[in-house]
Amino acid sequence: MIRMRPFSLYLTLLTSVCLSYTAHSEPAVEMRAGRDTLVSVTQRSARHTVTIPLVTTSDMAIHDTLDVMLTSTGGSIAAFKLKLGLESPFLDIDTILRGELCDSCHWQFFNSRSINTANKPNSPLALWQAVAIARSNPVDTTPVCYGLSRTASILRVVVSTSPLAQIKDTVVPIFFFWEDCSDNTFSNVSGDTLMLAARVIDFNGRDLQSENNVFPSHSGGVEQCIKPGRKNPPLREIEFRSGGVIFKLDVGQPLPDSSSLQNK
């Protein structure tokens with residue numbers, strides 16, 4: 001069995017990527033100008049897809065659990081850091097629980113927490129972070145696996161509405177959010193390489209990947225997160241698909257897109 005390195009190595013890896021971004025940051029126009037050169041070194045087709053479900057309810061008061069699903073077509077993961085947000089005052093994330101991957105594979109470390117965004121410009125109303133690692137102790141011989149050879153939940157997001165909320169027909173997107181280069185990343189089994197977003201899809205199918213080159217962002221890590229000359233540079237191998245909750249009584253009306261929701 002491949003032995004997972006300590007949890008501290010994953011944190012060191014995340015920190016080094018963030019420091020690399022800070023040290024080599026340039027104005028957004030320069031990042032866009034260098035896009036083709038940077039991507040050509042590390043861009044790959046997505047080998048992992050993380051999907052937040054899009055559910056429909058005709059009940060204006062809900063308390064439900066949304067399973068965030070992971071589908072992998074190649075390679076294994078041994079740690080992740082995911083960050084999810086939403087903008088609506090009517091819906092909230094109550095907690096985030098470990099998914100089937102962590103439970104069935106007996107991953108040893110899992111932590112989720114709410115992040116205060118009150119003094120963070122351009123941040124969502126609700127923001128949560130979840131971190132998990134397969135094995136935090138390198139000498140532990142507890143059986144562990146790095147995948148289930150099928151689609152399985154990676155997180156379970158518990159959401160609810162305020163009992164006093166008067167909600168009209170609308171869509172409340174739940175989306176992946178990036179504050180720095182370490183957000184929404186996977187680690188490989190050896191613990192020396194990070195995987196980043198290759199593609200980010202809105203709840204309505206719109207590709208967001210090319211829409212932003214600065215943090216904070218709904219559309220993935222900026223190009224400066226990848227320094228091709230460094231040893232084991234991050235690889236763009238993850239597709240992120242946002243979801244949410246559709247509050248809908250009139251099934252004949254089309255869904256709004258996320259830009260119109262954000263402008264309300």
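User: In this predicted model, are Lys83 and Asp183 buried or exposed?

Analyst: Burial is read from relative accessible area, and a residue counts as buried when that value is under 20%. In this predicted model, both Lys83 and Asp183 are buried, and their side chains meet in a salt bridge with an N to O distance of 3.1 Å. The pair links distant parts of the chain, since Lys83 belongs to strand S4 (residues 79-86) while Asp183 sits in the loop between strand S9 (170-176) and strand S10 (185-187), 100 residues apart.

User: Which residue forms a salt bridge with Glu179, and what does the pair tie together?

Analyst: The partner of Glu179 is Lys120, with the closest N and O atoms 3.2 Å apart. Glu179 is in the loop between S9 and S10 and Lys120 is in the loop between strand S6 (109-114) and strand S7 (126-133), so this salt bridge ties together parts that are 59 residues apart in sequence. Lys120 itself is partly exposed, at a relative accessible area of 33%.

User: How accessible are Asp207 and Arg199, whose side chains meet in a salt bridge?

Analyst: The distance for Asp207 and Arg199 is 3.2 Å, N to O. Asp207 counts as partly exposed at 36% relative accessibility, and Arg199 is likewise partly exposed, at 34%.

User: Which residues are joined into one network by salt bridges that share partners, and how many salt bridges are there?

Analyst: Shared partners join Lys81, Lys83, Lys120, Glu179 and Asp183 into one network. The count for the model comes to 13 salt bridges, among them the Lys83 and Asp183 pair.

Methods: Residues are numbered from 1 along each chain as its sequence is written. This is a predicted model: local features need pLDDT of at least 70, side-chain atom pairs count only at pLDDT 80 or more; totals for chains, interfaces and linings use all residues. Side-chain values use heavy atoms; hydrogens and water are left out. A salt bridge is a side-chain nitrogen of Lys or Arg within 4 Å of a carboxyl oxygen of Asp or Glu. Helices (H or I, at least four residues) and strands (E, at least two) are DSSP runs, numbered from the N terminus. Buried means under 20% relative accessible area, exposed over 50%, partly exposed in between (1.4 Å probe, protein chains only).
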